[in-house]
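Subject: Handing over the structure

Hi,

Here is the structure I said I would pass on. Have a look at it first, and then read my notes below.

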Amino acid sequence: MANVIVIGAQWGDEGKGKITDLLSKSADIVVRYQGGVNAGHTVVVQGQTFKLHLIPSGILYPDTSCIIGSGTVIDPKVLLEEIDQLHSLNVSTEHLMISETAHVTMPYHRLIDTASEEKRGDRKIGTTKRGIGPTYSDKSERTGIRIIDLMQPEQLRKQLQWTIEYKNAIVEKLYDLPPLDPEAVIAEYLGYAERLRPHVVDSSLQIYEAIKKRHNILFEGAQGTLLDLDHGTYPYVTSSNPIAGGACVGAGVGPTSIDRVIGVAKAYTTRVGEGPFPTELEDTIGQQLGEVGAEFGTTTGRARRCGWFDAVIGRYAVRINGLDCLAITKLDVLDDLDEIKVCIAYEVDGQRCEHLPTSATNFAKCQPIYQTLPGWKQSTGHCRTLDDLPKAALDYLKYLAELMDVPIAIVSLGASRDQTIIVEDPIHGPKRALLDANGIPVSP
């Protein structure tokens, strides 16, 4: 039995969807614990592409239960569109559960998010404009609407009449936008409520009961470590806690229930939106990584900024999350490069810096210090074992494991499920699996 957290070890978009999908095969329950429709997971199964924003990737396994936990913020319209899309592809949502205490993204959240970002001008932070930040703000202010409120029509009407009047004052006076019609919004969301009602549960209780029965539970995060509200590259972060500690809060479980934490990182680094990015490549190699890796956001379609692997943020992710092992994705994107660079430290004001600066000003000054490794100049997409990899590719993985002092448990070499090297199942296998710091397969 194992309860496992899967987190992004960079700025998000690491390929967590595929890794979660692979691990879901061994899980009884998959729990999404934070974020909203600003996140997106792409999973390719037998040539069919599934783009998921709120529903956990485990939904593609008919016997796996999926829970959207209380730490998420839910846009009912988008969630229902996602359910309808899955149904059109003959995927059942019978085992989908939604936390009754999750907060709801409302139309005024989207309006305020968009208008606020536009007013920032050159101080914009790169929001997806999906209303996520304002939803979490209302949650903190204790004025939010929760899923359980949608289930109580009279209570919802009372709450929304006051809330929309208050939000309209902001929308009209601060942003010079037309007000929302309270009755139209109430009617719209009551309609959503009836369709969602069969899925609504006390999610923390469901998870607790599953733990007592010794079921395998996979906790799935959105975004990545460097986007964490408290521990990311603030202010260019999301409004929740994608790190491993956020899983306990967002799912409603105690930390002693967690057996291991798996981090997901690309073989290079990408970032969407604004903010410093020390290893960013604004040249033909950066363009090549973006084109070969199809680096476009699942949610927004924005082109991702691309750069070399950054071991400084990698070590930070290991520390902040307590990572037991790593999954390295998109190794195949590096196949055609003559040489590959890895950032091993930064230089800040003439001083070598081994750790991520907490100051946004200092982080913006960071210049990467690189180690250059030879490329392998051959395709790896067909590789299914470590022995299949070219020596230079295996050496690259060994080097990353050594730099971050954590084993590499999974290597992904393409979008499809089968384009993966797994020596041990990280759910049923040993806690420290696959490659040790010297790149040697290990077992307990």
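Where is Thr238 found? Thr238 sits in the loop between E10 and H9. Before I go further, please keep in mind that this is a predicted model.

Let me stay with that residue for a moment. Is Thr238 buried or exposed? Thr238 has a relative accessible area of 9%, and the cut-off for buried is under 20%, so Thr238 counts as buried. Leaving aside residues up to four places away in sequence, Thr238 touches Asn38, Gln223, Leu227 and Leu229. Asn38 is worth picking out from that group: Thr238 and Asn38 are 200 residues apart in sequence, yet their C-alpha atoms are 9.0 Å apart in space. Their side chains make a polar contact with each other, at 3.3 Å.

The loop between E10 and H9 also holds Pro235. The peptide bond that joins Tyr234 and Pro235 is cis, with omega about 10°. For context, most peptide bonds are trans.

Next comes helix H9 itself, residues 244–251. H9 is mostly covered, with six of its eight residues buried. Those are Ala244, Gly246, Ala247, Cys248, Gly250 and Ala251. What do the buried residues of H9 pack against? Their partners are strands E1 (3–8), E2 (29–32), E10 (217–220) and E11 (260–266), along with helices H8 (203–212) and H11 (311–321). Right after H9 comes Gly252, and its phi is positive, near 80°.

H9 turns up again in the second largest pocket, which has a volume of about 240 Å³. There are 15 residues lining that pocket, and the closest to its centre are Gly71, Tyr136, Lys139, Asn241 and Val249. Which helix gives the most to the lining? H9 does, with four residues. Helix H4 (132–141) also supplies at least two residues of the lining. By type, the lining of this pocket divides into four nonpolar, 10 polar and one charged.

There are enclosed spaces too. The count comes to three cavities of 30 Å³ or more, and the largest cavity has a volume of about 50 Å³. What lines the largest cavity? The residues are Arg32, Ala39, Gly40, His41, Leu52, His53, Ile55, Pro56, Glu220 and Ala222. That lining splits into five nonpolar, three polar and two charged residues.

Over to another buried threonine. Thr329 is in strand E15, residues 325–329. With a relative accessibility of 3%, Thr329 counts as buried. Its side chain reaches the backbone oxygen of Glu14 at 2.5 Å. Not counting residues up to four places away in sequence, the residues that Thr329 touches are Glu14, Gly15, Ile19, Val264, Ala265, Lys266, Ala267 and Ser412.

Helix H13 covers residues 391–404, which makes 14 residues. From first C-alpha to last, H13 reaches 20 Å, close to the 20 Å expected at 1.5 Å a residue. Which residues of H13 are buried? They are Ala393, Leu394, Tyr396, Leu397, Tyr399, Leu400, Ala401, Leu403 and Met404. Just after H13, Asp405 takes a positive phi of about 55°.

On the subject of phi, most residues other than glycine have a negative value. Two more loop residues go the other way, and you may want to look them up:

- Asn90 has a phi near 65°. Asn90 lies in the loop between helix H2 (76–88) and strand E7 (96–99). At 75% relative accessibility, Asn90 counts as exposed, because the cut-off for that is over 50%.
- Ala294 has a phi near 50°. Ala294 is in the loop between helix H10 (284–292) and strand E13 (305–307). Ala294 counts as partly exposed, at 48% relative accessibility.

If you want somewhere to begin, I'd suggest the loop with Thr238 and Pro235, and then H9, which follows on to the second largest pocket through the four residues it gives to the lining.

Cheers

Note on methods:
Residues numbered from 1 in each chain as written. Predicted model: local features only at pLDDT ≥ 70, side-chain atom pairs only at ≥ 80, totals over all residues. Heavy atoms only, no water. 1 Å grid on protein atoms, 1.4 Å probe; cavity = no way out; pocket = protein on both sides within 12 Å on 5 of 7 lines; lining within 4 Å. Points joined across faces, edges and corners; volume = space filled by probe spheres on them. Nonpolar A, V, L, I, M, F, W, Y, C, P; charged D, E, K, R; others polar. Buried < 20%, exposed > 50% of the residue type's maximum accessible area, 1.4 Å probe, protein only. Polar contact = N/O pair within 3.5 Å; in protein donor to acceptor, adjacent residues only side chain to side chain. Contact = heavy atoms within 4.5 Å. Expected span 1.5 Å × (residues − 1).
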